[in-house]
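Visitor: I am new to this structure and should be grateful for a close look at a single part of it. Please describe how one pair of helices meets.

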Amino acid sequence: MTPAVSLTNIAKAYKGSHRAVLRSCDMTVRQGEIYGFLGPNGAGKTTALKLMLGLLTPTAGSVRVLGLDPTRQREAVLRATGSMIEVPVFWERLSARANLEVHLAYMGLGAESVDDTLNLVGLPDTGSQPVSTFSLGMRQRLGLARALVHRPQLLLLDEPINGLDPTGIKQTRQLLLDLAGRGGMTIVMSSHIISEVEQVADTIGVIAEGTIVREVELATVRNEHSGGLEDYFFSVMSQGGVQHA
Amino acid sequence: MRELIRLEQRKNTLSTYLKMSAWVTVGVVAMTWTIALSAGSEPPGSEEAALMSSYIGLANLAAVISMAAFCVLSAAMHAKFTVEEYSGNRAVLTLSCPAPRKKVLAAKVVLVSGFTLVAAALSSLASLAVFLLTEAVFPVVHGPLEPHMIIPMAADVVVMSLLAVALGLIGLAAGFLKRSTPVTIIAAIIAAALLSSLASNLAKGDGGHALPIVAVTAIAAIAAAFALTRWISGTVESMEAA
């Protein structure tokens, strides 16, 4: 089966910078799985996610997302994926509903799925309230709603539980498990909260200093490390001599 | 394209800019009156007196003032609709839209330029109409208003409205280069000041009208604006949301 995401020997350096953010980076995400993407601050997680969306162009190497090249087939990739990168940004004067309607309109889709999606993420009654008045947690939920509303095949989530309260974290966890389990969606999720990743992920990718240093199934981690994923993560970091956040 | 323009309208309210256009119209009428009333303070027989005491000269000055105001308004809109949308974190949102990047940009530019053209033309015509109507009751300009004057007045309105669009786009290009709202507006102010000075000086030298030279300048500005817009479009196509 074609991988949902495949990064092969990727390098990425930003213009005007001598330092490569990613180098010799290989990553494979299988279809239908939840891929937990771990790494210290500045390791290159967000850069890798942006490359998958065609928001950045690799300096070297090849990116494939659902069999597509994000640089050359950017719109097709954006239609097939849902994403929440860094702090989600919205059209502030519009309501949550209007934000989702505009997002769908860019894809030529109607607004049929908007109410269901807002219910799904726990934002059922925001009415005409402008997004500019939303709390951090509400914005995070809306970011998730926007990623989901067009029913994508692949979800790319950068720190999706940032700013959520314990109830929100639990709901999001269950939502991701449902989407992957019942919905067959592939999910790549980066997070600094290792315990959360451990509760949802099938596969773990650890990135350090711009390279994926480990890619392993969570079941294997559990079998080989009595301290679980946290123990595994710190052992990987210490082996690489990497200072972690 | 029509749908993309409609989405831009939905994301950004135009009512603020409509209100500002109305205020510009009021301001232009007031300034036209002030200039007409102060014509008597100029030395008799001077170029300034001739310009300020003829209908064509006053209409030309009103069109120049209107052009400068709408050029700045256009730049402010470009800054809001385009420069801010491709800067910082918002660039991730804009570039993540699953629509052709060039078309998304074109929708923004067409909406702002179209609004500027229509608002500038209607505002100039409205202020001219109000001024001429008041002349029927309280005349401040000595001399008759004749039908043959209408065509150069209307041509002035069209040329100056096009110039407002072109200079707004030049402001956009400068602001886009630096991804800066202040740069967008300041560049438009500088361009408007230069063109206003040129147009009013030419009008003086021409005894009240110099439309052909101003029209050539406008065509050059429109050509420059078109080239710069193509450059922005190419930049957006390969832009990275770093």
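Guide: The following account concerns one helix pair in chain A. The model is predicted, with local features requiring pLDDT of at least 70 and side-chain atom pairs counting only at pLDDT 80 or more. Residues are numbered from 1 along each chain as its sequence is written, and chains are lettered from A in the order in which they are written.

The pair consists of helix α3 (residues 96-106) and helix α5 (residues 136-148), both of chain A; helices here are DSSP runs (H or I, at least four residues), numbered from the N terminus. Their axes come within 10 Å and cross at roughly 30°, an axis being a line fitted to C-alpha atoms over the stretch in contact, with angles from 0 to 180 degrees between N-to-C directions. Angles under 35 degrees count as roughly parallel, and α3(A) and α5(A) are therefore roughly parallel to each other. The crossing of α3(A) past α5(A) is right-handed, that is, the near helix is turned clockwise from the far one by less than a right angle.

On the side of α3(A), the contact (heavy atoms within 4.5 Å) is made by Ala96(A), Leu100(A) and His103(A). Leu142(A), Ala145(A) and Arg146(A) contribute from α5(A). By class, the residues of this contact comprise four nonpolar, one polar and one charged, where Ala and Leu count as nonpolar, Arg as charged and His as polar.

Beyond α5, Arg151(A) is placed in the loop between that helix and β6 (154-158) of chain A. Arg151(A) has a positive phi of about 50°, although it is not a glycine. Most residues other than glycine have a negative phi.

Conventions: Side-chain values use heavy atoms; hydrogens and water are left out. Helices (H or I, at least four residues) and strands (E, at least two) are DSSP runs, numbered from the N terminus. Angles under 35 degrees count as roughly parallel, over 145 as roughly antiparallel, 65 to 115 as roughly perpendicular and the rest as oblique.
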